[in-house]
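Hi,

Here is the structure I promised to send over. Have a look at it first, and then read on for what I found.

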Amino acid sequence: MPPVEDIDVHEKVKIGLDFRYGCHSSRNPKKSDGYYALDRIYRENGTFYIENVFIPHTNTTKCRSFALWDTDPACAGCESPRDLEYEQRCLALR
Ligand SMILES: [Zn+2]
């Protein structure tokens with residue numbers, strides 16, 4: 001098997017110093033509990049109709065960067081509550 005060629009990271013996928021994890025944007029007070037989207041509702045004969053359905057947000061809004069809370073620049077200034085329960089679950093896997 002030939003050796004893997006090492007190439008530079010493309011400009012568009014480089015992460016800058018101003019990059020922050022998603023936990024930084026989870027404190028938006030205007031954020032709703034979910035959103036509406038069109039969905040197909042199927043009848044028994046295989047046909048369907050379109051209906052608006054509510055899709056609740058289920059992703060955590062807590063910070064999960066527990067291994068790097070104090071050293072990771074992408075978590076600097078993060079004020080989201082830390083997901084300590086998740087941390088314990090991950091540490092138990094070690
Ligand atoms: Zn964070």
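The chain has one helix and two strands, and from the N terminus the order of its elements is β-β-α. Helices here are DSSP runs of H or I with at least four residues, strands are runs of E with at least two, and both are numbered from the N terminus.

Two things on conventions before the details. This is a predicted model, so local features need pLDDT of at least 70, side-chain atom pairs count only at pLDDT 80 or more, and totals for chains, interfaces and linings use all residues. Residues are numbered from 1 along each chain as its sequence is written.

On confidence: pLDDT is the predictor's confidence in each residue, on a scale from 0 to 100. The chain has a mean pLDDT of 86, with 95% of its residues at 70 or more. Going by element, β2 has the highest confidence with a mean of 96, and α1 the lowest with 88.

Now the overall shape. The radius of gyration is 21 Å, whereas a compact globule of 94 residues would come out near 12 Å. That value is taken over C-alpha atoms, and the globule rule is 2.2 Å times the number of residues to the power 0.38. Along the principal axes, the C-alpha atoms fill a box of roughly 55 × 45 × 30 Å.

Burial fits on one line: 3% of the 94 residues count as buried. The cut-offs are 20 or more other C-beta atoms within 10 Å of a residue's own for buried, 12 or fewer for exposed, and anything in between for partly exposed, with C-beta atoms placed from the backbone.

The strands come next. β1 (residues 34–42) pairs with β2 in the antiparallel sense over nine bridges; for two strands to count as paired, DSSP has to find at least two bridges between them. Together they make a hairpin with five residues between them, and G46 in the turn has a positive phi of about 95°. If you want to check the register, L38 sits opposite N52 in β2, and R40 has I50 in β2 as its bridge partner. β1 is hardly covered, with zero buried residues among its nine. β2 also has zero buried out of nine residues, so it lies largely in the open.

Two residues outside the strands are worth a click. Y21 is in the segment before β1 and is partly exposed, with 16 other C-beta atoms within 10 Å. Its C-alpha atom is 5.8 Å from that of A74, 53 residues away along the chain. Leaving out neighbours within four places in sequence, Y21 is in contact with S65, A74 and C75, where contact means C-beta atoms, placed from the backbone, within 7 Å.

The other one is R64, in the loop between β2 (48–56) and α1 (84–92). R64 is partly exposed too, with 17 other C-beta atoms within 10 Å. Not counting residues up to four places away in sequence, R64 touches D83 and Y86. The C-alpha atoms of R64 and E87 are 7.2 Å apart, with 23 residues separating the two along the chain.

Cheers

Definitions and conventions: Two residues are in contact if their C-beta atoms, placed from the backbone, lie within 7 Å.
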